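Subject: Structure handover

Hello,

Here is the structure I promised to pass on. My notes on what turned up in it follow below.

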2 protein chains.
Amino acid sequence: MATILKGAPVVAAMNERNAALCEQLKAKGITPTLAMVRVGEREDDLSYERGVIARCGKVGVEVKQFLLPADASQDDLLKVIAEVNAEDTIHGCLLFRPLPKQFNDRTVRAALAPEKDIDGITDDSLAGVFTNTDLGYAPCTAQACLEILKYYNIPLSGRRAVVVGRSLVVGKPAAMMLDRENATVTICNSRTQNLPAICKEADVVVVAMGKMGAVGADCLREGQTVVDVGIHVNENGKLCGDVKFSEAEPVVDAITPVPGGVGTVTTSVLVGHVVQAAAKKAGL
Amino acid sequence: MATILKGAPVVAAMNERNAALCEQLKAKGITPTLAMVRVGEREDDLSYERGVIARCGKVGVEVKQFLLPADASQDDLLKVIAEVNAEDTIHGCLLFRPLPKQFNDRTVRAALAPEKDIDGITDDSLAGVFTNTDLGYAPCTAQACLEILKYYNIPLSGRRAVVVGRSLVVGKPAAMMLDRENATVTICNSRTQNLPAICKEADVVVVAMGKMGAVGADCLREGQTVVDVGIHVNENGKLCGDVKFSEAEPVVDAITPVPGGVGTVTTSVLVGHVVQAAAKKAGL
């Protein structure tokens with residue numbers, strides 16, 4: 001029987017910290033404000049958006065929405081980003097991605113002012129993660145994995161961590177953040193041979209493959225902590241992760257659930273970054 | 001009896017490519033030019049400098065030296081860097097580091113124009129390595145490890161690589177470049193427990209600990225390729241690496257020597273970056 005590493009208490013602790021900092025800012029006449037830039041109406045984006053708006057409301061962060069039609073041009077989007085950059089009362093910007101095909105993702109990412117990049121999409125933010133310096137903000141999902149591990153006091157220094165997946169949104173930044181905690185980190189990719197044996201070497205396994213149920217009991221052993229970043233809808237219409245929870249839970253020591261795990265913490269990380277960006281600007 | 005992965009043939013192949021590109025540039029009236037900025041007279045710097053000047057001469061790259069006294073101020077150095085940035089005929093800049101204590105390394109690194117950062121010290125270059133995009137240049141020693149592995153056709157895709165050391169100059173960028181080649185990469189640090197067992201998991205071991213003779217036969221097994229990044233002077237006044245060569249050589253399949261291995265290739269990577277920077281600017 002594994003300990004279930006629920007996101008809710010992590011979120012509660014983060015909300016408290018963020019709300020307290022918000023109060024301090026409001027006493028100075030500053031309302032931390034998030035710009036949300038959405039192109040089109042993808043269901044995933046809408047669902048994330050609802051979560052972010054609710055969390056912002058709880059903490060005291062204001063939201064300004066910038067909506068473009070699915071057939072908007074790159075120029076249209078760049079104009080909106082320029083507006084967000086220039087607007088002094090906006091502290092952070094969430095741009096929903098992936099963008100439709102008419103956009104050049106790299107050009108668009110580069111257009112955002114690094115100090116407003118609370119979602120960790122600019123090269124400055126990624127350089128900050130890689131070099132372990134205070135440049136921009138870490139990608140929120142990667143940071144959410146670490147927030148959970150730290151909240152539940154999972155030992156990392158000197159332990160072995162395996163990250164399955166090497167995206168710039170989760171896998172690679174999570175690997176760098178685990179390294180920063182002095183874990184010995186292994187990054188697996190789709191060419192990795194004998195993934196089950198490699199996963200079993202780890203004390204902490206972060207699974208960010210984007211493949212439903214790809215990690216099962218064959219990859220796991222007792223004593224491990226498993227962080228499941230995946231989120232999928234199964235054939236019964238239920239949310240599930242990259243890990244086969246029912247196989248994993250009886251084997252490992254601790255595991256994050258899906259839903260109610262990494263995803264819910266990600267939203268709080270994002271909102272926290274907005275508050276931090278406002279505090280930084282105010283010299284707090 | 002291991003195959004000795006000597007740097008010399010790698011260097012010869014790179015020199016040939018670089019000289020050919022130099023010829024093309026000279027036909028357009030362009031001489032690829034490297035600025036070398038040195039503060040003080042550290043013996044390590046002088047020795048590297050001599051190697052770079054000789055290699056540049058061989059390939060057809062011009063060198064301009066900017067020398068400052070050991071007690072130069074940060075402003076003095078920033079002025080020199082501004083001059084290098086502004087000078088149109090300079091294509092790349094090598095700044096010898098570590099700098100004396102009166103300098104803020106990060107401020108100085110940030111001052112260099114990314115397109116002239118042929119030594120991979122700016123955040124742009126490091127972001128390029130992390131995100132696998134064409135931003136700046138990779139740190140030369142890390143790239144030298146990969147140049148050797150590729151020249152000798154050491155298989156990397158799907159293989160396990162262990163990088164011992166996580167500096168931004170070698171370990172971390174080498175790990176990212178091995179990941180780019182689809183290796184499954186483990187990054188070890190000073191807190192890593194049971195380093196010998198972890199090293200033995202690897203098909204390719206890159207040792208960049210900066211500790212003389214830290215890796216011996218207990219960390220190695222047959223079938224492995226070892227890349228030794230260390231360079232030290234032993235008690236008999238001889239150059240040696242992080243790996244105990246006499247212990248490793250009878251055990252592993254292939255190993256780079258010290259001297260004559262990674263170090264000699266590093267210089268060619270640096271000179272190659274200058275030529276590439278000139279070619280990029282010329283639209284070649």
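I will start with the strands of chain B. Strand 8 of chain B (residues 225-228) runs parallel to strand 11 of chain B (residues 254-255), and two bridges join them. Please keep in mind that this is a predicted model. Within that pairing, Thr225(B) has Ala254(B) as its bridge partner, and Val226(B) is matched with Ile255(B). Strand 8 of chain B also pairs with strand 7 of chain B (residues 204-207), again in the parallel sense, this time over four bridges. There, Val206(B) stands opposite Val227(B).

Is strand 8 of chain B covered or open on its faces? Both faces are covered: Thr225(B) and Val227(B) are buried on one side, and Val226(B) and Asp228(B) are buried on the other.

These strands belong to an open sheet of twelve strands with mixed pairing, in the order 1(A)-11(A)-8(A)-7(A)-5(A)-6(A)-6(B)-5(B)-7(B)-8(B)-11(B)-1(B). The sheet therefore takes strands from both chains, with strand 6 of chain A next to strand 6 of chain B in the order. At its edges are strand 1 (3-4) of chain A and strand 1 (3-4) of chain B, each of which pairs on one side only. As a reminder, strands of a sheet pair through backbone hydrogen bonds, either parallel or antiparallel.Next, the contact between the chains. Chain A contributes 32 residues to it and chain B contributes 33 residues. Together the two chains bury about 3,000 Å², with 51% of that on carbon and sulfur atoms. Phe130(A), Lys172(A) and Asp179(A) supply 20% of the area that chain A buries against chain B, more than any other three residues.

Four salt bridges are counted between chain A and chain B. One of the contacts of this kind links Arg160(A) to Glu201(B), with the closest N and O atoms 2.7 Å apart. There are also 17 residue pairs in polar contact between the chains, both residues being at pLDDT 80 or more. On the side of chain A that touches chain B, the elements giving two or more residues are helix 5 (123-131), helix 7, strand 6 (184-188) and helix 8 (195-201) of chain A. Helix 5 of chain A gives the largest share of that side, six residues.

Last, the annotated positions. An unreviewed UniProt entry lists Gly165(A), Arg166(A), Ser167(A) and Ile231(A) under "binding site". I looked at two of these, Arg166(A) and Ile231(A).

Arg166(A) sits in the loop between strand 5 (160-164) and helix 7 (171-180) of chain A. Its relative accessible area is 25%, so Arg166(A) counts as partly exposed. Which residues of chain B does Arg166(A) touch? They are Asp179(B), Arg180(B) and Asn182(B). In chain A, and leaving out residues up to four places away in sequence, Arg166(A) touches Gly171(A), Lys172(A), Ile187(A), Cys188(A) and Asn189(A). The side chain of Arg166(A) reaches the backbone oxygen of Asp179(B) at 2.7 Å.

Ile231(A) is in the loop between strand 8 (225-228) and strand 9 (232-233) of chain A. With a relative accessible area of 54%, Ile231(A) is exposed. Beyond four places away in sequence, Ile231(A) touches Leu239(A), Cys240(A), Gly241(A) and Val258(A).

Regards

Terms used:
Residues are numbered from 1 along each chain as its sequence is written. Chains are lettered from A and ligands numbered from 1 in the order in which they are written. This is a predicted model: local features need pLDDT of at least 70, side-chain atom pairs count only at pLDDT 80 or more; totals for chains, interfaces and linings use all residues. Side-chain values use heavy atoms; hydrogens and water are left out. UniProt positions are given in the numbering used here, feature names are shortened, and annotations may be inferred rather than shown by experiment. Buried means under 20% relative accessible area, exposed over 50%, partly exposed in between (1.4 Å probe, protein chains only). Contact means heavy atoms within 4.5 Å. A polar contact is a pair of N or O atoms within 3.5 Å; within protein, one must be able to donate a hydrogen and the other to accept it, and residues adjacent in sequence count only if both atoms are side-chain atoms. Two strands pair if DSSP finds at least two bridges between them. Buried area is the accessible area (1.4 Å probe) that two parts lose on being put together, summed over both. A salt bridge is a side-chain nitrogen of Lys or Arg within 4 Å of a carboxyl oxygen of Asp or Glu.
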